[in-house]
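Here are a few notes to go with the model you asked me to look over. Have it open while you read.

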Amino acid sequence: IVHIAALNKDRKIDDYQRIYNKIAEKIREEDEYDGYIGYGPILVRLGWHSSGTYDKTNNSGGSYGGTYRFKLESSDPSNNGLQNAAKFLDPIYKEFNWISHGDLYTLGAVCAVQEAQGPKIPWRPGRVDLPETETPANGRLPDANNGADYVRNFYARLRMNDREAVALTGAHCLGRTHYKNSGFDGPWGAASNSFTNEFFVNLLNEQWKLEKNKSGNYQYDSPKGYMMLKTDYALIQDPSYLKIVKEFANDEASFFKEFASSFQKLLENGIDYPKGAPQYIFKTLDEQDI
Ligand code: HEM
Ligand SMILES: NC(=O)CCn1cnc2ccccc21
């Protein structure tokens, strides 16, 4: 399968910055969502899940076709709860319906990371809406009840190495798990809407206890009320992953650098960008004094 980015000569950076600002202002405005966490974390998850269906073996899935908009994909149990992110973006799509769904979902995730004081994520437009027939089957997104070998194999399908895998999972500094969505709960402690390296600091510094939760799933809990999935905890069980966790816990700048490149790679998996395709780095609201 080949997906070529469509170059749209009529649209320049300020067109996309306008959409970025609309999303950023709406995140700022609707701050009460999910116990005042806000919409940032779930917008990041929507961009990740619409990209995480990618399979390098046949270059299928991924963000290009915007197929999350079809029932088959949005009703995947792995996508429970993401409807809230899609509903958040609906009015913005109606106002700027010249943008493709794939570009909107990924732009929303980039905006959410940057507005949470995370790193700048370079972004390229050109995804093209594909028909429902192109929707990938359910089951391509990862299952949290697994260890390091599963995590390594899963990320390999997305062309990610150990360093990229650890960096990407660092996005679990944002938001929280919800029983009704995934059968995991917590953290009772501070769920965050700021993008930091805390996920790695917590992994190394907290005492973790494997517990069976009320849904019958196993998760690691800490005295401070933090939680980790088994796939999170795997990052300190595996020697190669552990080395990288320590680096990112001690050097937030190196985490930010690796996250930015890995997240752009994740959001662009499966897309061929022609020579001269534009790449944008958006300004935050703060940088524009908005
Ligand atoms: C092995 C890989 C991964 C597994 C098994 C996993 C699993 C999960 C689960 C079970 C939740 C809770 C969903 C809910 O109950 O609402 C969650 C939330 C989240 N995930 Fe992951 N995840 C993985 C990788 C990633 C990656 C690569 C990113 C982004 C780069 C990411 C970003 C997020 C965010 C931001 C949330 C919070 C959403 C919210 O607060 O509503 N995750 N993840
Ligand atoms: N600070 C916390 O205990 C929550 C961090 N956290 C750990 N694994 C997660 C998975 C999804 C969202 C937040 C997560």
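What radius of gyration would a compact globule with 290 residues have, and what does the protein have?

1. Keep in mind that this is a predicted model. On to the question: a compact globule with 290 residues would have a radius of gyration near 19 Å, and the protein comes out at 18 Å, so the two agree. If you'd rather picture a box, the C-alpha atoms fill one of roughly 55 × 45 × 35 Å along the principal axes.

2. Now for the parts list. You can look for 13 helices and five strands in the protein.

3. How is the chain put together? Of the contacts with a separation of 6 or more, 75% are between residues 24 or more positions apart. Buried residues make up 58% of the 290.

4. Next, the outside. The protein exposes about 13,100 Å², and carbon and sulfur atoms supply 50% of that. As for charge, there are 34 positive and 39 negative side chains, with the centres of the two sets 3 Å apart.

5. Try helix 1 (residues 13–29) as a worked example. Its 17 residues, at 1.5 Å a residue, should span 24 Å; the end C-alpha atoms are 24 Å apart, so the helix agrees with the expected span.

6. Stay with helix 1 and look at its buried residues, among them Tyr16, Ile19, Tyr20, Ile23 and Ile27. Asp15, Gln17, Asn21 and Lys26 are buried there too. What do the buried residues of helix 1 pack against? Find helix 3 (40–51), helix 5 (83–95) and helix 6 (101–115), and you have the partners.

Technical notes:
Residues numbered from 1 in each chain as written. Chains lettered and ligands numbered in written order. Predicted model: local features only at pLDDT ≥ 70, side-chain atom pairs only at ≥ 80, totals over all residues. Heavy atoms only, no water. Helix = DSSP H or I, 4+ residues; strand = E, 2+ residues; numbered from the N terminus. Expected span 1.5 Å × (residues − 1). Buried < 20%, exposed > 50% of the residue type's maximum accessible area, 1.4 Å probe, protein only. Contact = heavy atoms within 4.5 Å. Rg over C-alpha atoms; globule rule 2.2 N^0.38 Å. Areas by Shrake-Rupley, 256 points an atom, 1.4 Å probe, with all protein chains shown as cover. Lys, Arg positive; Asp, Glu negative; His and termini not counted. Charge placed at Lys NZ, Arg CZ, Asp CG, Glu CD.
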